[in-house]
Amino acid sequence: MMQFIMTLPWAIMLILFPLTGAIISFLWSKQGNKIGLVTITFVLISVIFLAWSIIEQDVYLHTIGGWDAPLGINLYADGLSLVMLIMTALVGLGISIYAISYFSADQSKRFWPLWLLIIAGLNALFLSSDIFNYYVALELIGLAAVSLTALGNTRKAFLGAMRYLLATLLGSLLYLFGVGLLYHGFGSLDIATLSRNVQSTPVLWVSFALMGGGLLLKTALFPLHFWLPPAHSSAPAPVSALLSALIIKSSFYILIRLWLSIFGPLGDGTVESIFGLLGAGAILWGSFQALRQTRLKLLVAYSTVAQIGYLFLAFALAMSGGSIAWNAVVFLAFSHALAKSAMFLVVGNLLRFGGHDEIIHLDRVAQRLPITTAAFALAGISIIGLPLSGGFIGKYFLLESALLQEQWGFVIILLLGSLLSAAYIFKVISHFFTPSSTPHDSKIIPANMEWAALLLALAAILLGLFSSSVLSIVDIGSPFELEGEKL
Amino acid sequence: MIANKNKSEDKIIRLLLIMLLTLIASMVAYAVLSLPESATNLQRLVDNNIDISGVSNPVTAVLLNFRVYDTFLEMVVLLVALLGVWSIKEVPIESMNDLKNPVLDTLVDLLVPFSLLVSIYLLWVGAHAPGGAFQAGSVFGAGLVLLMLSGRQPFLNFKGLPLHFALIISVTLFISISIYSMFATGELLKYPLSQASSIIFILEGMATVSIGLTLSLLFYGIYTKKKYK
Amino acid sequence: MEIIIQIFDVLLCIVLLWVGWQSLSSTNLFKAIVLFITFGLLMAISWVRLNAIDVAIAEVAIGAGLTGALLLAALSKLQKTTHIDKTSHISVNSK
Amino acid sequence: MNMLFIYALTGTGLFFIGFYALIIHTNLLRKILALNIMGSGVFLVLISLAMRSGHSSPDPVSHAMVITGIVVAVSATALALVLMLKVVDITGKPDLHDQEDE
């Protein structure tokens with residue numbers, strides 16, 4: 001029986017379930033909430049079984065259409081893809097539980113099909129190993145994400161969505177240009193084949209510049225983050241959560257994949273240094289901006305800009321430090337997804353509760369919304385990187401790697417970054433406890449909206465406690481050994 | 001960008017931008033020119049396998065067999081775009097556009113059946129000559145757009161659930177064939193050899209319907225009168 | 001014969017760049033869109049020249065036809081709305 | 001030099017002309033036009049390089065990619081135009097500069 005369950009094609013179900021769910025919720029829009037919850041539950045179950053079979057049997061490889069790459073497209077899942085899929089399912093569940101009470105009937109009708117299509121797109125992307133297939137998946141995710149941003153239905157939401165759309169389309173075109181050159185230079189679209197074929201020629205580096213540029217724009221690495229704060233701060237709360245937690249991780253994931261298997265082995269360290277510098281810039285700039293904000297939602301959005309910086313610091317540290325820094329990336333990406341989605345959901349609760357998100361006018365939130373407050377505090381612990389949380393493990397690995405390599409500049413940036421994030425988190429929390437000078441009415445928050453935020457925040461903490469098992473999953477298929485070393 | 005605060009400052013920024021883009025463009029151009037004249041691509045692999053792909057037009061073989069998974073996701077992208085347009089703007093299928101023009105009318109009377117004919121022809125020849133679902137679908141869509149431009153309402157008698165079904169028919173068929181292929185061959189979207197050409201033909205036919213309807217409805221979303229809420 | 005084709009190639013490329021640039025720099029939006037449609041048709045010619053008949057068909061129907069129709073429809077909406085909103089602008093702002 | 005490379009160079013040129021226009025224009029319709037021209041540039045590079053093979057017919061995978069790309073482009077354009085009309089509806093003008101921004 002167990003053997004039978006393990007042989008079922010869970011990876012493929014990860015793509016087909018949400019697609020089917022999206023279609024049903026489109027046709028039968030009144031039942032969106034129920035269809036959405038059922039679908040996301042199926043996705044979670046599929047991920048669990050896929051994880052189980054990968055842990056038992058090593059990496060997953062499936063030739064679509066029976067045509068092996070490079071002619072066809074291969075599905076491929078190693079430890080890194082698996083962690084990303086788990087991240088998508090967990091955050092997806094949290095956001096879905098929240099969304100059933102958040103949206104009006106009219107909004108809900110539009111939200112569910114697009115949101116389920118985003119989940120399908122993300123799963124497809126994390127399972128793919130083909131650079132053109134990535135492009136199609138990126139477009140799918142990007143267009144759906146923009147449409148959901150506009151669901152905010154305010155002046156700011158439409159302007160934010162428009163800016164976001166232009167940025168994401170530019171990013172896709174740059175990426176596609178790079179794909180074209182890489183294909184004509186080395187004769188394949190399949191990552192594994194490319195990694196065998198590539199040589200350090202002008203075509204290789206120009207295509208990296210184009211693809212990398214496009215992906216950095218989509219990931220919103222400083223100074224290409226201009227589109228992120230307006231979009232992430234004006235979208236409806238569950239959409240902000242999924243944008244910050246999942247969407248930007250998808251382009252970042254492609255960047256890691258391409259770097260590790262195609263470009264990294266031939267690099268001479270220049271790219272890593274640039275990424276490290278930009279990452280440092282992102283941490284400082286994003287944190288300062290976050291500290292300056294008076295509106296909570298913008299503060300959380302700028303905090304995302306800063307947290308993206310950490311992901312890129314790891315690029316620089318992995319140059320000679322190897323897998324410690326890469327493990328740091330996984331923990332930072334995963335814990336940020338959980339903690340940041342929790343934070344955006346908290347902001348959604350506060351906006352509904354008091355009708356505003358002005359930090360200084362928060363009115364005795366801690367007493368009146370204890371669960372929401374706890375969620376924010378726990379998420380904050382992970383964002384700052386306080387001990388035992390998932391964020392702590394990530395930052396600890398980074399620090400260790402920086403110390404081992406005696407990269408003192410990065411050590412200072414890391415410490416300063418944590419200090420700044422502690423400053424902006426505590427600035428918010430202190431206002432949770434005080435009465436506002438202008439007391440205001442409050443609305444009741446449905447329990448599932450409070451608990452969804454708390455559970456996501458709790459998961460960010462638990463990630464730290466279960467770090468060793470996460471590490472053993474990440475290691476499957478040794479995604480972080482550069483292709484050259486594997487041979 | 002910085003708006004008309006300072007004209008000369010604006011000019012300098014533009015100049016810098018032009019210099020930067022020219023620099024990048026020349027690097028890209030250099031890389032393009034450095035490609036060898038002999039090709040490195042997948043053409044030989046396509047040629048070697050085309051006999052067992054079910055069609056003889058190599059582009060159709062790539063789109064509907066070797067890389068059919070891309071086309072599957074592509075159909076989803078079209079659906080996403082339409083859902084996005086509908087979510088941003090309420091599109092009233094019922095509203096009439098009063099754009100009657102007798103000259104255009106006669107033209108449309110001729111052109112629309114013609115586009116339908118071309119579309120079916122393209123679909124038919126796609127298996128062995130240039131053509132196929134994307135081309136047929138876009139010609140079909142263009143015909144529907146012409147119909148709307150002449151003030152006709154192709155969706156007036158065909159809306160609600162039937163229309164929704166028509167829009168998702170392609171993605172639904174892809175999902176069904178995915179499931180079928182998993183049972184029949186154990187591999188996603190792998191067609192049993194004997195059924196390959198008929199499966200490809202059905203997929204193309206449904207894709208044509210979905211592409212044509214989706215593209216024309218995307219147009220309709222912009223063209224139709226806006227409704228203030 | 002070869003030389004004629006080469007001259008044709010060079011001319012087509014120059015015209016493509018020129019029409020593309022004109023479309024993006026024209027001060028009149030309507031003209032810009034018409035130039036863009038022309039650009040799409042020229043692209044279709046180059047697809048034929050590059051032995052890409054499949055792409056040429058898609059380009060004529062989508063690139064030039066449908067995209068052109070989309071842009072023109074949007075432009076007419078744009079011009080109507082910007083006229084109307086001269087008056088309704090204040091009410092929108094004061095919300 | 002193979003004559004086909006001039007198409008590839010033209011494609012590159014179109015991409016960067018579009019890139020420039022995308023950045024300097026504030027009018028959203030022009031930005032959308034610019035993105036479309038950029039896309040055409042990429043397609044031209046892909047298709048012209050597909051001709052390099054010694055075969056009688058060019059590489060079909062590039063063609064398939066471009067056909068997919070053209071359909072993605074028109075879908076994205078439609079979404080962008082609808083969003084632009086919504087922005088115009090609300091702010092009264094087709095650009096991203098909003099006086100209400102603090």
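**Chain A and its contacts**

Trainee: Where is A:Glu406 found?
Mentor: A:Glu406 lies in a loop of chain A. Helices are DSSP runs of H or I, at least four residues long, strands are E runs of at least two, and both are numbered from the N terminus. On that count, A:Glu406 is in the loop between helix 17 and helix 18 (408-433) of chain A.

Trainee: What is the mean pLDDT of chain A?
Mentor: This is a predicted model, in which local features need pLDDT (the predictor's confidence in each residue, from 0 to 100) of at least 70, side-chain atom pairs count only at pLDDT 80 or more, and totals for chains, interfaces and linings use all residues. Residues are numbered from 1 along each chain as its sequence is written, while chains are lettered from A and ligands numbered from 1 in the order in which they are written. Confidence in chain A is lowest in helix 21 (residues 483-486), at a mean of 46, and highest in helix 6, at 97. In chain A, 98% of residues reach 70 or more, and the mean pLDDT is 93.

Trainee: Is A:Glu406 buried or exposed?
Mentor: A residue is buried with 20 or more other C-beta atoms within 10 Å of its own, exposed with 12 or fewer, and partly exposed in between; C-beta atoms are placed from the backbone. A:Glu406 has 8 such atoms within 10 Å. So A:Glu406 is exposed.

Trainee: What is phi of A:Leu388?
Mentor: Most residues other than glycine have a negative phi. A:Leu388 is found in the loop between helix 16 (370-384) and helix 17 (390-404) of chain A, and counts as partly exposed with 15 C-beta neighbours inside 10 Å. Phi of A:Leu388 is positive, near 80 degrees.

Trainee: Which residue does a cis peptide bond join to A:Ala69?
Mentor: Most peptide bonds are trans. Here omega is about 10 degrees. The partner lies in the loop between strand 1 (60-63) and strand 2 (74-77) of chain A. The residue is A:Pro70.

Trainee: What is the radius of gyration of chain A?
Mentor: Chain A has 21 helices and 2 strands. The globule rule (2.2 Å times the number of residues to the power 0.38) gives 23 Å for 487 residues. The chain is close to that, so it is as compact as a globular protein of that length. Over C-alpha atoms, the radius of gyration is 21 Å.

Trainee: Which helix of chain A gives the most to the side that touches chain D?
Mentor: Residues are in contact if their C-beta atoms, placed from the backbone, lie within 7 Å. By that test, 22 residues of chain A meet 28 residues of chain D. Helix 6 (131-149) and helix 7 (155-186) of chain A each give two or more residues to this side. The most, 15 residues, come from helix 7.

Trainee: Which helix gives the most to the largest nonpolar core?
Mentor: A nonpolar core is a set of buried Ala, Val, Leu, Ile, Met, Phe, Trp, Tyr and Cys residues joined through C-beta atoms within 7 Å. The largest has 366 residues, and D:Leu83 is among those touching the most other members. D:Leu83 touches residues including A:Phe158, A:Leu165 and B:Ile88. The most, 22 residues, come from chain D, helix 3 (residues 60-91).

Terms used
Two residues are in contact if their C-beta atoms, placed from the backbone, lie within 7 Å. Lists of a residue's contacts leave out its neighbours within four places in sequence.
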